[in-house]
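How does one justify the words used to describe a protein model? Please look at the structure below before reading on.

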Amino acid sequence: MSSTSVRTDDAPRRRPGLLTRMIESRNGLGFLFMLPAGIFLLFFLTYPLGLGVWLGFTDTKIGRSGIFVGLENYRWLFDDPVFWLAVFNTLFYTVFASVAKFALGLWLAMLLNRHLPFKNFFRAIILLPWVVPTVLSAMAFWWIFDSQFSIISWVLMRIGLIDQPINFLGDPWNARWSVIAANIWRGIPFVAISLLAGLQTIPQSLNEAAAIDGATPWQRFTKVTLPLLTPIIAVVMTFSVLFTFTDFQLIYVLTRGGPVNATHLMATLSFQRAIPGGQLGEGAAIAVAMIPFLLAAILFSFFGLQRRKWQQGND
Amino acid sequence: MTIDRRTLLKGSAAMAAAGALIGPFGASRAAAQAAAPAAPGAAPAAAMFTPEEGATLRLLRWVPFVKGEEEAWNANTKAFTDATGVQVTIDQESWEDVRPKAAVAANVGSGPDMVMSWFDDPFQYPDKLVEVTDLCTALGEAHGGWYEGLAAYGQQDGKWISTPLCAIGNAVCYRDSHVKAAGFNEFPTDTDGFLALCTALKEKGTPAGFPHGKAVGDGNNYAHWLLWSHGGMTVNEAGEVAINSPETLAAIDYAKKLYATFIPGTESWLDINNNRAFLAGEVSLTANGVSLYYAAMKDPAMKAIADDIRTTNLPVGPVGKPVELHQTSTISIFSHCKYPNAAKAYLEFMYRSENMNRWLEAASAYCCQALKEFAANPVWTSNPIHAPYAKASESLRVNGYAGPLGPASAGAMADYVLVDMFAEAVTGQRTPEEAIANAERRLQRYYR
């Protein structure tokens, strides 16, 4: 048997407003809270990215809107040796600088994790290269690598090891290694301080237990420290690789991509063609061509470095 | 920046008094001038441009390189405001940022009313500019005519789209004592003699140096001189790529020989490196604006170098006449400007003989006149160092010669196509033929 409730009051029940219903609803409230961030991401991330991808399919020039040209920009870039040189330079730069920053950063983090005198002072001072604006440090390196006034050449000439200045930024390979060295100098603090934070989260007791069980320092490092540090390494190195891959300021100040494009990265080439060159479509296509590499780096770090088994030291 | 009293006070008293000297910008006076025959130095047909009621203007200009030039420009602007009541705001952008800013302003139809920009910028958005044929024709008639090269930077299809302002001259700067010590009492005027001089300088341990790196100004000036002086060209009159020629090959061959005499490291040189090396006494010969001389002059420690500096024009090659790129600046009025007459009146005022002469003089030979009358400006004879810079407007050849100006010529220069071609060949990274083929391919992309 069913029962029907009868409303006794005469006033019709008012349906709550949309806002009230959203606030009362769990999903609605969540949506409201996410809305500002969503709008922010939509306008400042999705829209520019989408626009960039679209521009890559057009022949837009600065000052005039273009027409859709399909893959024409990409076809041209595919046959452009300067573009492929920039791809090679970018990969070379990223791989060598990132590996060196990781190795030296980890080493530095391990040192700073020990009980050193003036520990806090060293930890603070180590951040300096990271804190100094890139353009300023790049200017300093510009002088250090100057073809006539390099302090390195000057010292080596003074002690009689060389008889003429080293052509740091004039020779293609010297230039590549020089910009990598500058990037490493600048990037180490970020890696070191982040890894130091990770190291400090590892309970001392684990190391002590391993030591009691007879593990050597190397074994403690490879079997205890490194596996526990892997999640931090994954995040830090993802950021480090992304920063390095998209580096612009250092190259722009030091060489502008020279000598003869030997240090042109994809970011600097994209800028050169898009802004001073006015070929927005082609510049955008070069920038879009960076995305697969960046995605690959992110996927590698998340799926490659964050595997649980490795973290547990079984891999 | 707005031209206010404080800004003005920074200028010299003479400049500040400019407004008083020039007198009112009244219609009656302007009409009187218009009626009189156009004598050199007279203000042309000012009555044509009566500023609109309540007009205000905004000019976007490149950050000045010479303080005196900025002061004189601002003082002239202040005088214009005093005479007409038209407030002019001047915004400055670093010289490389003017191009994108102006292009965006043209595209979106707002922002500055006028832009002082570089090279072929007006040709990137000619349909977004106010036609200034009336103004430029009047200015040309009143001031002895435009220099051919500079006029080309203002005209498209017979219409004036921009008002040429000046050329930033480029000239050889050298150490007199070193050139004499190398056995040259006279500076050679042809490319063969120049090569012999550079060879001798190297043998004496006082080498020359020209940038083969990505130096926007100096690198492009040098590369264009190399090509043009040997009769080469990037494209022909029809805009067809014509870089692959025996003349280009000859230019590269010459560049290789010259490069062999340079101080090591010029492949990495950006715009500032040649100044630095010259002022430190590391190189004895390079090409630069007059700023190099003034940098030495201002530093008492460099007195010996300053006294030893001489300047001359780049030598003439097989083509038989001086041909150089130089930097060029023009002023364009955007069609979104609400007060085009005020803008034209402003430009007309700035080009009046007394104002333009004051500005050129204050620029200390950094800016070379666009109108022939101003070749008589005392700045060119006040110091022998200035003399070669006076010829900049005469030897100037437009970017992308012999083709049309536009996005293609601008893009090819910004992408360092010629700079790279010479650098690839002189450093041995590619054979001359390969370097030319690569440049040809890149040019074809721009001129498609």
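The questions below concern a predicted model and ask on what grounds some of its parts are described.

Q: Why is helix α13 of chain A said to be largely enclosed by the rest of the structure?
A: A residue is buried if 20 or more other C-beta atoms lie within 10 Å of its own. Nine of the nine residues of α13(A), which spans residues 266-274, are buried, so the helix is largely enclosed; among them are A:Met266, A:Phe271 and A:Arg273.

Q: What makes β7, β8 and β9 of chain B an antiparallel sheet, and which of them are edge strands?
A: Two strands pair if at least two bridges are found between them, and β7(B) and β8(B) are joined in the antiparallel sense over four bridges, one of which links B:Ala171 to B:Asn288. The three strands form an open sheet in the order β8-β7-β9, and β8(B) and β9(B) are called edge strands because each pairs on one side only.

Q: How many residues of chain B are in contact with chain A, and which helix supplies the largest share?
A: With contact taken as C-beta atoms within 7 Å, 30 residues of chain B are in contact with 28 residues of chain A. The largest share of the chain B side, five residues, comes from α6(B), and that side divides into 12 nonpolar, nine polar and nine charged residues.

Q: What is in contact between domain 1 and domain 2 of chain B?
A: By the criterion of C-beta atoms within 7 Å, 15 residues of domain 1 are in contact with 15 residues of domain 2. The domain 1 side holds seven nonpolar, six polar and two charged residues.

Technical notes
Residues are numbered from 1 along each chain as its sequence is written. Chains are lettered from A and ligands numbered from 1 in the order in which they are written. This is a predicted model: local features need pLDDT of at least 70, side-chain atom pairs count only at pLDDT 80 or more; totals for chains, interfaces and linings use all residues. A residue is buried if 20 or more other C-beta atoms lie within 10 Å of its own, exposed if 12 or fewer, and partly exposed in between; C-beta atoms are placed from the backbone. Helices (H or I, at least four residues) and strands (E, at least two) are DSSP runs, numbered from the N terminus. Two residues are in contact if their C-beta atoms, placed from the backbone, lie within 7 Å. Ala, Val, Leu, Ile, Met, Phe, Trp, Tyr, Cys and Pro count as nonpolar, Asp, Glu, Lys and Arg as charged, and the others, Gly among them, as polar.
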